[in-house]
Amino acid sequence: MSESTIQPKKKVGFKKGLKQWKEVLPFLILGLIGTGVFVIFPLFKGIVMSFQDYSIMPGAESPWVGLENYLKAFEEEQFRYAVRNTLLNTIVTVPINWFLGLFFAVLINLNFIKFKITFRTLYYVPIITSWIVVSFLFRYLFASGDGGLVNYLLYTQLGVIDEPINWLGNQWTAMLVIWSLHIWKTVGWALVIYLAALQGIPKSLYEAAEIDGANAIQLFRHITIPMVTPISIFVIIQLVMGAFNIFPQVYFVTGGGPMHQTEVLQSMIYTQAFENFNFGYSSALGVMMGIAVFLLTWSQQKKIGKQKFY
Amino acid sequence: MKNKKSNILSKLVVYSLLLLGVVVFIFPFIYMILTTFFTEAYQLPKPGEVLTVKPNLENYDRVWNEYKFYRYFLNSTLVAGVAMVGGLFLGAMTAYSFVRFEFPGKEILFRAFLFTMMIPLVLAIVPQFTVIQNLGLVNTYWGLWLIYIGGGVVGSTFFLRGFFETIPKDLEESVIIDGGGNWRIFWSIYLPLSKPALATMAIFSFQGTWDEYFVALTIIKDEALRTLPIQLMMFQGQHASNWALVFAASLIAILPVVIIYIIFQKRFVQSGGSDGAIKG
């Protein structure tokens with residue numbers, strides 16, 4: 001909350017501005033250079049590269065190719081898979097993640113529950129574990145044949161499937177594994193946010209309503225839901241962004257296979273650059289994705305814009 | 001309206017649901033730990049065998065000494081440690097600039113910073129690599145540190161700014177009366193009063209670089225310089241069917257983060273989850 005809001009748009013004289021910059025520069029300069037060189041410049045350079053047949057070798061030519069990199073994407077099946085799977089991942093995992101996060105948060109927050117912190121800690125463990133390790137773990141659990149734990153449970157123990165499933169060898173079962181991993185790994189995040197939000201609701205609201213004779217369901221509908229709505233908007237936007245940015249879960253579990261059928265946008269961007277060395281093409285994909293993310297988060301951008309210097 | 005019996009029943013249902021959740025989220029890890037006790041697992045151990053295996057540390061010993069994971073562990077500690085301290089310092093200074101100073105162009109600058117948070121960073125990896133290449137820092141930790149610290153400023157600035165803003169301006173007066181300047185205010189007021197936020201930030205940053213794979217893979221070429229995530233992927237490639245060894249290495253790699261988390265989790269989750277995030 002800076003003072004500038006009280007007297008907005010006060011013109012600062014050039015001399016005064018220079019003096020202000022002189023004061024702030026020692027603190028700001030390193031952050032400016034770091035962000036400029038390693039974030040802002042790379043983003044602009046990425047846009048430029050998307051119009052080139054870019055070569056990473058120093059001194060090599062990088063001819064301009066216009067929109068060729070962009071047009072190429074729309075002719076490729078891999079790109080269609082990547083777009084489809086990125087959207088599917090968002091549509092499938094966001095509602096489940098959101099529901100489970102809220103559901104478990106409400107349960108843990110019930111008055112009679114003991115060991116609240118222990119539950120929260122345990123549910124959060126997948127979040128802090130590295131993507132590589134949990135991806136190994138899921139590949140192991142969903143191993144083909146009857147040695148994988150999931151096949152063992154479904155086939156040997158329960159007998160609900162006729163033969164062990166080759167989970168990662170088929171498009172849709174592989175997608176199922178990726179979605180499960182995504183949900184399993186990230187539910188704890190929504191849970192923790194909701195738990196904090198629920199604990200922030202004043203107890204007096206509930207007490208007052210109880211005196212008026214409200215039951216548990218009414219309390220939930222008329223107090224809990226409205227009180228957590230602002231957080232819900234934030235949570236859902238973050239979940240959408242997280243699901244849209246799906247990458248390591250695909251890259252480490254299936255590598256996009258079989259035959260690019262589980263590819264998502266970021267895994268394609270990465271492999272095009274670092275395995276196929278199509279840097280220009282990869283950048284064009286990145287630019288398109290950046291625009292999509294930007295549009296997707298437009299509402300949040302506006303919110304942040306408003307919030308900053310009120 | 002509520003009688004005792006239905007009350008106990010509903011408690012039982014809620015506890016069962018919560019425990020079911022714990023099983024789903026935690027059992028895979030237990031299964032993974034049990035798997036590491038197989039010493040000759042050249043094929044997938046049968047689930048029945050996994051649950052009855054005798055604990056031993058042989059695979060951990062092999063991975064640590066024979067496969068030299070101690071070296072990659074130290075490499076990762078060095079990389080993540082320096083990146084954490086540097087990133088924290090830079091983030092705190094930049095946040096301080098935005099909170100305590102007025103200067104022309106501040107708002108535009110801050111918006112530009114925030115805007116970059118919305119762009120997927122995969123787009124930036126190739127250009128970042130070319131910058132490091134031009135600086136002649138490929139295959140050095142300096143290259144990694146520059147990208148981690150430089151690329152992380154925006155996030156930490158955004159996070160810390162929220163905490164810095166809650167520090168009352170009156171506190172500065174005592175420093176000013178003593179003849180101290182902006183640096184003194186930064187050192188003796190802003191930093192000490194934001195300890196919880198700085199600690200949270202430190203943990204996030206440490207975990208982020210400790211687990212970072214994609215940038216490290218492009219910058220580091222020497223086997224001796226590899227960090228844990230890279231070596232872990234290579235190791236899994238070489239010992240694809242020996243999950244016991246792979247998981248022993250994996251557990252070594254996640255242990256520090258899990259320990260730090262469990263020690264600090266009360267503070268870590270609360271400030272990380274609610275304040276910092278909701279301010280976004």
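**Exercise 1. Find the order of elements in chain A, then judge its spread.**

From the N terminus on, chain A runs α-α-α-α-α-α-α-α-α-α-α-α-α. This is a predicted model.

Step 1. Count by type. Chain A holds 13 helices and zero strands.

Step 2. Compare the radius of gyration with the globule rule. Chain A has a radius of gyration of 25 Å, and the rule gives 19 Å for 310 residues, so chain A is more spread out than a compact globule.

Step 3. Read the extents. The C-alpha trace of chain A spans about 65 × 65 × 30 Å along its principal axes.

**Exercise 2. Repeat the analysis for chain B.**

Step 1. Chain B has 13 helices and zero strands. Its elements, from the N terminus on, run α-α-α-α-α-α-α-α-α-α-α-α-α.

Step 2. For 280 residues the globule rule gives 19 Å. The radius of gyration of chain B is 24 Å, well over that value, so chain B is more spread out than a compact globule.

Step 3. Along its principal axes, the C-alpha trace of chain B spans about 75 × 70 × 35 Å.

**Exercise 3. Which residues of chain A does the UniProt annotation "transmembrane region" cover? Check two of these spans against the model.**

Step 1. Take the ranges from the record. The unreviewed UniProt entry places "transmembrane region" at residues 24–44, 87–110, 122–142, 176–197, 227–247 and 279–298 of chain A.

Step 2. Check residues 122–142 of chain A. This span is 86% helix and 0% strand, and its end C-alpha atoms lie 22 Å apart.

Step 3. Check residues 227–247 of chain A. The end C-alpha atoms lie 33 Å apart here; the span is 86% helix and 0% strand.

**Exercise 4. Describe how α7(A) packs on α9(A).**

Step 1. Get the geometry. Helix α7 (residues 171–199) and helix α9 (residues 216–244) of chain A pack at an angle of about 150°, with axes 10 Å apart.

Step 2. Classify the angle. Angles over 145 degrees count as roughly antiparallel. That makes α7(A) roughly antiparallel to α9(A).

Step 3. Add the handedness. The crossing of α7(A) and α9(A) is right-handed.

Step 4. List the residues. From α7(A) come A:H182, A:T186, A:A190, A:I193, A:Y194, A:A197 and A:L198. They meet A:T224, A:V228, A:I231, A:V235, A:L239, A:G242 and A:A243 in α9(A).

Step 5. Sort by class. The contact of α7(A) with α9(A) has ten nonpolar, four polar and no charged residues.

**Exercise 5. Map the side of chain B that touches chain A.**

Step 1. Count the residues. In chain B, 77 residues are in contact with 80 residues of chain A.

Step 2. Find the contributing helices. Those of chain B that each supply at least two residues include α1 (4–35), α4 (69–100), α7 (141–164) and α13 (243–278). The most comes from α13(B), with 17 residues.

Step 3. Sort by class. This side of chain B has 51 nonpolar, 18 polar and eight charged residues.

**Exercise 6. Work out one helix pair across the two chains: α1(A) and α7(B).**

Step 1. Helix α1 (residues 14–49) of chain A packs with α7(B) at an angle of about 115°, their axes 8 Å apart.

Step 2. This angle makes α1(A) roughly perpendicular to α7(B). Their crossing is left-handed.

Step 3. Locate the contact. On α1(A) it involves A:G31, A:G34, A:T35, A:V37, A:F38 and A:V39. On α7(B), the residues include B:L146, B:I149, B:G150, B:G151 and B:V153.

Step 4. Eight nonpolar, six polar and no charged residues make up the contact of α1(A) with α7(B).

Key: Residues numbered from 1 in each chain as written. Chains lettered and ligands numbered in written order. Predicted model: local features only at pLDDT ≥ 70, side-chain atom pairs only at ≥ 80, totals over all residues. Contact = placed C-beta atoms within 7 Å. Helix = DSSP H or I, 4+ residues; strand = E, 2+ residues; numbered from the N terminus. Nonpolar A, V, L, I, M, F, W, Y, C, P; charged D, E, K, R; others polar. UniProt positions renumbered as here; feature names shortened; annotations may be inferred. Axes fitted to C-alpha atoms, helices over the stretch in contact; angles between N-to-C directions. Parallel < 35°, antiparallel > 145°, perpendicular 65-115°, else oblique. Left-handed = near helix turned anticlockwise from the far one by under 90°. Rg over C-alpha atoms; globule rule 2.2 N^0.38 Å.
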